[in-house]
Amino acid sequence: MGSFSVWHWLIVLVIVLVLFGRGKIPELMGDVAKGIKSFKKGMSDEDATPPPAADANAKTVDHKADETK
């Protein structure tokens, strides 16, 4: 009762082809592939860049020291 037969899938395929057309589906899949490639590139670029070094001259704020003055 919960599974689809081959006929159900064929009807769904026909409806998708009618709605999107034959030329639109490969274009959409190409856009998805480009998005995945750019995401992977962004993730590898993020891993390759070292984290920013802490500034040796930066002063830390000591809240207790400020209260005593």
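These are my notebook entries on a predicted model of one protein.

**Overall fold.** I began with the secondary structure. The protein has three helices and zero strands, and I read its order along the sequence as α-α-α.

**Surface.** I then looked up how much of the chain is covered. Of the 69 residues in the protein, 0% are buried. I noted an accessible surface of about 7,000 Å² for the protein, with 66% of that area belonging to carbon and sulfur atoms.

**Annotated span.** I consulted the UniProt record next. Its unreviewed entry places a "transmembrane region" at residues 6-25. In the model, I found this span to be 85% helix and 0% strand. The C-alpha atoms at the ends of residues 6-25 lie 21 Å apart.

**Nonpolar patch.** I asked which residues make the nonpolar surface patch of about 530 Å². They are Val 6, Trp 7, Leu 10, Leu 13 and Leu 17. I followed up one of these, Leu 10, which lies in helix α1, residues 6-20. The relative accessible area of Leu 10 is 39%. I recorded Leu 10 as partly exposed because this value falls between the limits of 20% for buried and 50% for exposed.

**Aromatic pair.** I searched for ring contacts last, and the structure holds one aromatic pair. The ring centres of Phe 4 and Trp 9 are 5.4 Å apart and the planes meet at 65°, so I entered the pair as edge-to-face. The cut-off for that class is an angle over 60 degrees. I also checked the cover of both partners: Phe 4 is exposed, and Trp 9 is exposed as well.

Technical notes
Residues are numbered from 1 along each chain as its sequence is written. This is a predicted model: local features need pLDDT of at least 70, side-chain atom pairs count only at pLDDT 80 or more; totals for chains, interfaces and linings use all residues. Side-chain values use heavy atoms; hydrogens and water are left out. Patches are made of residues with over 30% relative accessible area and no salt bridge: like charges are joined within 9 Å, nonpolar side chains (Val, Leu, Ile, Met, Phe, Trp, Tyr) within 5 Å. Accessible areas come from the Shrake-Rupley method with a 1.4 Å probe; for residues, only the protein chains shown count as cover. A salt bridge is a side-chain nitrogen of Lys or Arg within 4 Å of a carboxyl oxygen of Asp or Glu. Helices (H or I, at least four residues) and strands (E, at least two) are DSSP runs, numbered from the N terminus. Buried means under 20% relative accessible area, exposed over 50%, partly exposed in between (1.4 Å probe, protein chains only). UniProt positions are given in the numbering used here, feature names are shortened, and annotations may be inferred rather than shown by experiment. Rings of Phe, Tyr and Trp (its six-membered ring) pair if their centres lie within 6.5 Å; planes under 30 degrees apart count as stacked, over 60 as edge-to-face and the rest as tilted.
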